[in-house]
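The questions below go through one protein model, from its domains and cores to single residues and the metal site. Each answer sets out its reasoning and closes on the item that was asked for.

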Amino acid sequence: MRALVKTTAAPGLSLEEVDDPEPGPNDVLIEVRKVAVCGTDLHIARWDDWAAKTIRPPMVIGHEFMGKVSGFGAEVSGFSVGQRVSAEGHITCGYCRNCRAGRRRFCANTVGIGVNRDGAFADLIVVPASNVFPVPDEISDDIATILDPLGNATHTTLEYDLVGEDVLITGAGPIGMMSVAIARHVGARNIVITDVKPERLAIAADLGADRAIDPRTTSLDQVMTDLEMTEGFDVGLEMSGASAALDEMIGSMITGGKIALLGIPSADRVPIDWNDIIFKGLTVKGIYGRKMFETWYKMTTMLQGGLDVSSAITHHFSIEEHEAAFNALESGDCGKVIIDWG
Ligand code: NAD
Ligand code: ZN
């Protein structure tokens, strides 16, 4: 089969002929139809410090995908050949403290598809049946391809009750922009999003933000005045990883407000105004991955119920154009970038 492979511990990826994977007794074999490029794939392609520490070439990369079931192991039941599926990319052990407590996203032995084992940028992928998620008919192939990042957005956005609340989202990357649509769908009042990329702010506005602003030219104070908000944001969703954005968020929260942190800072240590957190009694919570599989059920049922994130998909490429796809994501002038495999 064809696969996009990190062949050596150096920058670059190559489209190669590799052996077809064989499903084990508990695995599903999936014929990949579409994949999406994630920031993680870009780190692996460009071979930054994180990639050099984490990735063991040769390895097929990629974890955001959809396809159809093409076979399964002897112990698997409940799937049929031809069925449309996506999959949770974190494979968990099932026996550690957190797995047994029902918190699989915190598994001590997580193995990441396309990070610690062969991934989805290939004609075929093998995934444990317990990680495979059937895609309802109402969800298009394109949207099915981005359920992984939509799951990050869903997990973060649904962390707190947003009904009637004023919400600040920092970072209008693919995940932040989809969070706007989710916050709107579940009944938030004012939704304000910040970014430094005008193309992304425009998409976030299209997805339902009341204000999509560049914080370097428009202050949050000004926006709150315009929206007649007197006390600050009830809920903050940090989705940029930028230290300045977190600072602005903490400074514009209401006393007693709640913050969910998804964005991963590039520096190990980020300065925080602890006085603001303490005296305003803020709740700050880290968010990791997706809840397995509550997040998957919530997002698919929201999609079936009218949640529309299609404008978050801005680019399509063929697999031969994989370099152009990675360049598009790296430019930042985009939402989700999809590679059509078939
Ligand atoms: P992304 O890098 O595409 O988006 C981040 C956005 O933040 C960019 O559009 C960037 O222009 C913007 N930004 C930069 N500086 C800013 C500032 N000062 N104010 C406001 N915005 C600013 O990433 P993404 O794919 O949308 O993911 C969002 C974040 O979530 C990333 O940090 C990613 O690493 C992280 N992430 C975390 C998890 C998890 O499990 N915790 C999972 C997936 C992604
Ligand atoms: Zn575990």
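This is a predicted model, in which local features need pLDDT of at least 70, side-chain atom pairs count only at pLDDT 80 or more, and totals for chains, interfaces and linings use all residues. Residues are numbered from 1 along each chain as its sequence is written, chains are lettered from A and ligands numbered from 1 in the order in which they are written, and side-chain values use heavy atoms, with hydrogens and water left out.

Q: Into which domains is the chain divided, and how far apart do their C-alpha centres lie?
A: The bounds come from an automatic or database domain assignment, which divides the chain into domain 1 (2-146 + 309-340) and domain 2 (153-286). Their contact, meaning heavy atoms within 4.5 Å, takes 13 residues from domain 1 and 11 residues from domain 2. The C-alpha centres of domain 1 and domain 2 are separated by 29 Å.

Q: Which helix gives the most residues to the largest nonpolar core?
A: A nonpolar core is a set of buried Ala, Val, Leu, Ile, Met, Phe, Trp, Tyr and Cys residues joined through side-chain atoms within 4.5 Å, where buried means under 20% relative accessible area, exposed over 50% and partly exposed in between, with a 1.4 Å probe and protein chains only. The largest such core has 47 residues, of which Ile146, Leu150, Ile169, Val180, Leu303 and Val309 touch the most other members. Helices (H or I, at least four residues) and strands (E, at least two) are DSSP runs numbered from the N terminus, and among the elements that give two or more residues to this core are helix H5 (147-157), strand S11 (167-170), helix H6 (174-185) and helix H11 (294-304). With 6 residues, the one that gives the most is H6.

Q: Where does this core lie with respect to the domains, and why?
A: Residues of the core come from both domain 1 (2-146 + 309-340) and domain 2 (153-286). Because both of them contribute, the core lies between domain 1 and domain 2.

Q: Which residues is valine 309 in contact with, leaving aside its neighbours within four places in sequence?
A: Valine 309 is one of the residues that touch the most other members of the largest core. With neighbours within four places set aside, its contacts are Ile143, Ile146, Leu150, Met178, Ala181, Leu207 and Leu303.

Q: Is leucine 201 buried or exposed?
A: Leucine 201 is found in helix H7, and beyond four places in sequence it touches Ala172, Ile193, Thr194, Asp195, Ala212, Ile213 and Asp214. Because its relative accessibility is 9%, leucine 201 counts as buried.

Q: What relative accessible area does isoleucine 175 have?
A: Isoleucine 175 has its place in helix H6 and touches Pro149, Asn152, Ala153, Met239 and Leu262, not counting residues up to four places away in sequence. Isoleucine 175 is classed as partly exposed because its relative accessible area is 22%.

Q: Which geometry does the site of the zinc ion (ligand 2) have?
A: Donors are N, O and S atoms within 2.8 Å of the metal (3.2 Å for Na, K and Ca), and water is not among the atoms, so sites may look incomplete. Here the zinc ion (ligand 2) is coordinated by the SG atoms of Cys93, Cys96, Cys99 and Cys107, at 2.3 to 2.4 Å. Four donors count as tetrahedral if all angles lie between 85 and 135 degrees; four count as square planar and six as octahedral if opposite donors are over 155 degrees apart and all others between 65 and 115, and anything else is irregular. The angles among the 4 donor atoms are 104 to 119°, and the site is tetrahedral.

Q: How are the donor residues of the zinc ion (ligand 2) spaced in sequence?
A: Two of the coordinating residues, cysteine 96 and cysteine 99, are buried, with relative accessibility of 10% for cysteine 96 and 9% for cysteine 99. Along the sequence, the donor spacing is C-x2-C-x2-C-x7-C.

Q: Which residue follows proline 57 across a cis peptide bond?
A: Most residues other than glycine have a negative phi, and most peptide bonds are trans. The bond from proline 57 is instead cis, with omega near 0°, and the residue it leads to lies in the loop between helix H2 (49-54) and strand S4 (59-60). That residue is proline 58.
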